[in-house]
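Student: Before we begin, may I see the structure, so that I can ask how its descriptions are arrived at?
Tutor: Here it is, and we can take one place after another.

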Amino acid sequence: MSFELPKAKSVAVNPTQAELREWVLEYMPRVTETEFGNLNYQARILARLTPSTFFVSDEPTGKQVMPRAEAQEWAAKQDAYIADQDMVLIEGYIGPDPAFRTGSRVYMEKANSNVPAMQQQLYFPRDEDWTPEFTVIYTPGLRVPEHHEECLILVDLDNYVTRVFGSDYFGESKMGGLRMWNKLVYDRGGLAMHSGAKTFPPESTPDGTERLALIIGLSGTGKTTTTFRNVKGSLPVQDDFIALMPGGTVYTTENGCFAKSFGLDPDDEPTIHGGATRPDAWLESVAVDPETGKVDFFDDSYTANGRVTFPLANIRHRDPKDLPRAHYLFILNRNENLIPAVAKLKPEQAAYYFMLGETKGTSAGGAHEAGKNLRVPGTNPFWFEEESSMGNRFLELLETCDLEVYLFNTGRVGGGDADERSKKVRIPDSAAVQEAIVDGTIEWEEDPDFGYLVPTSLPGIEDDELLQPRKLYERQDRMDEYRALVERLHTERAEYLAKFTSLDQSIVKAG
């Protein structure tokens, strides 16, 4: 029996995008119509709220938990609040494949109709076979002063219900469903991955077969950009969450794109820019002149975590059903010192870097992550238990499929943005890496410090210091600094992975 929604003053079930737009303009403050004819809402909450998120459990889970009795008290308060509210109910599927799709719904205050409008673009449409499995109940108007930012997110995996209090950030709706999907996929023998997906068409590959690439990385590392960048005619499948199953079978989740808008450039990211500048796209916390509607994707004075949703139907993309088995996995690392533009990984090294999930934090993870060196296992901040199970399952799956795994640096080598001695790995550089991987034209040698393979030559990148950062440090007479960084990384990584007491030791020793 499915979870019964709390009673409301009124419920609008599956309204159209036009109706939702009308309600946004009627009820919501801080909304501006842009020069493109779409609407931008300046949200109070600007990122996901890890400190406010609790899993409902009376037992330790390896995550922040709230006892079930206490959670039920909060649920009763939310139900009582909803009884006096006009609500919107959006129903659809996570995933398009009839054999692997999940009936999902978001139940939201009508006074914040931009969130259901955005979620509707990401769900696959419901049909007569639809039944609800996942439920997100969302009340931005009910704030919780006792918790961080007056917000509370309760994740009940026993009933597949997520309750959101206080936040008006769309990401809590999207991740409410996908966080629960992590558990469902794991129980079915697979692994949910914070991953984009793209295909290289048969005419672009040496053997004339379509090849599927998965792209994992924390928000802000370039996952969406890498996924949507047209390389050798590649087509994006989706940009955020997939299920990797035994044998390399892949299932997707979303019918739309949820992308960071800061720095969106029509030359570097024409596909995303094109999707974001249509009348039916929804913008959240983007810099928009309230008088003229002029959009500035490079203005971060309000936040660098502005967001946009749009339907995949609005852009060139590959149908997400009947995908080929995964052929490549690109692990993105937004580093600023020693990681080359690309490195090729053996299976045990792949699991090692998968668990490290290294990057430099951005505003997507909130102010407590921005600018900091982070390690998030699997680059998946929404795992439902202690992360050893994620790494172990990943290694198990690698043993069942023929997957080429590469580590990409989407940041810099030789230092940070302010260091004039450093060099940026540009978007065209990463595109050249993808093209050379598909063509099989990279020549490799083993890196003496980290054991992975690094290019000795790569068509499209003439600067070998991007391919082997050690050479940059040698040329600049900085080898003492380089050796200290190598030693520090090995020590910090070993200490970090030692925290995962149930992690397969072959992963821990792969570095």
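Student: How do you know which residues E446 touches, leaving aside those up to four places away in sequence?
Tutor: Contact here means heavy atoms within 4.5 Å, and in this predicted model the residues that E446 touches, once those up to four places away in sequence are left out, are G451, Y452 and L453. E446 itself has its place in strand 29, residues 443–446.

Student: What separates E446 from D417?
Tutor: Along the chain they are 29 residues apart, and between their C-alpha atoms there are 28 Å.

Student: Why is helix 7 called roughly perpendicular to helix 12?
Tutor: Helix 7, residues 347–356, packs against helix 12, residues 479–497, at an angle of about 80°, and the two axes are 11 Å apart. Angles of 65 to 115 degrees count as roughly perpendicular, and therefore helix 7 is described as roughly perpendicular to helix 12.

Student: Which residues meet where helix 7 packs on helix 12?
Tutor: From helix 7 come Y352, Y353, M355 and L356, and they meet R493, Y496 and L497 of helix 12. Sorted by class, this contact has 6 nonpolar residues, no polar ones and 1 charged residue.

Student: What makes the sheet with the order 2-3-18-21-17 an open one, and which strands are its edges?
Tutor: The sheet has 5 strands in that order, with mixed pairing, and its edges are strand 2 (31–33) and strand 17 (256–260), each of which pairs on one side only. From one strand to the next, the twist averages 20°.

Student: How do you know that strand 18 and strand 21 pair?
Tutor: Two strands pair if there are at least two bridges between them, and strand 18 (residues 282–284) is joined to strand 21 (residues 307–311) by 3 bridges, so the requirement is met. These two strands run antiparallel, and one of the bridges links E284 with its partner R307 in strand 21.

Student: Which helices lie across strands of this sheet, and at what angles to strand 18?
Tutor: Helix 1 (residues 17–27) lies across strand 2, strand 3 (39–41) and strand 18, and runs at about 35° to strand 18. Helix 3 lies across strand 3, strand 17, strand 18 and strand 21, running at about 125° to strand 18.

Student: What makes an empty space a cavity, and how many cavities of 30 Å³ or more are there?
Tutor: A cavity is a place where a 1.4 Å probe fits but cannot get out, and by this rule there are 4 cavities of 30 Å³ or more. The largest cavity has a volume of about 80 Å³.

Student: Which elements line the largest cavity, and which gives the largest share?
Tutor: Strand 6 (86–94), helix 3 (114–122) and helix 4 (171–187) each supply at least two residues, and helix 4 gives the largest share, 4 residues. Among the lining residues are Y93, Q119, K174 and E254, and by class the lining has 6 nonpolar, 4 polar and 2 charged residues.

Student: What is the volume of the second largest pocket, and which residues lie nearest its centre?
Tutor: A pocket, in contrast to a cavity, is an open set of points, and the second largest pocket has a volume of about 540 Å³. Of the 24 residues lining this pocket, T50, K63, V376, P381 and E387 lie nearest its centre, while strand 4 (53–56), helix 4 and strand 25 (373–375) are the elements that give two or more residues to the lining. By class, the lining of this pocket has 10 nonpolar, 5 polar and 9 charged residues.

Notes:
Residues numbered from 1 in each chain as written. Predicted model: local features only at pLDDT ≥ 70, side-chain atom pairs only at ≥ 80, totals over all residues. Heavy atoms only, no water. 1 Å grid on protein atoms, 1.4 Å probe; cavity = no way out; pocket = protein on both sides within 12 Å on 5 of 7 lines; lining within 4 Å. Points joined across faces, edges and corners; volume = space filled by probe spheres on them. Nonpolar A, V, L, I, M, F, W, Y, C, P; charged D, E, K, R; others polar. Axes fitted to C-alpha atoms, helices over the stretch in contact; angles between N-to-C directions. Parallel < 35°, antiparallel > 145°, perpendicular 65-115°, else oblique.
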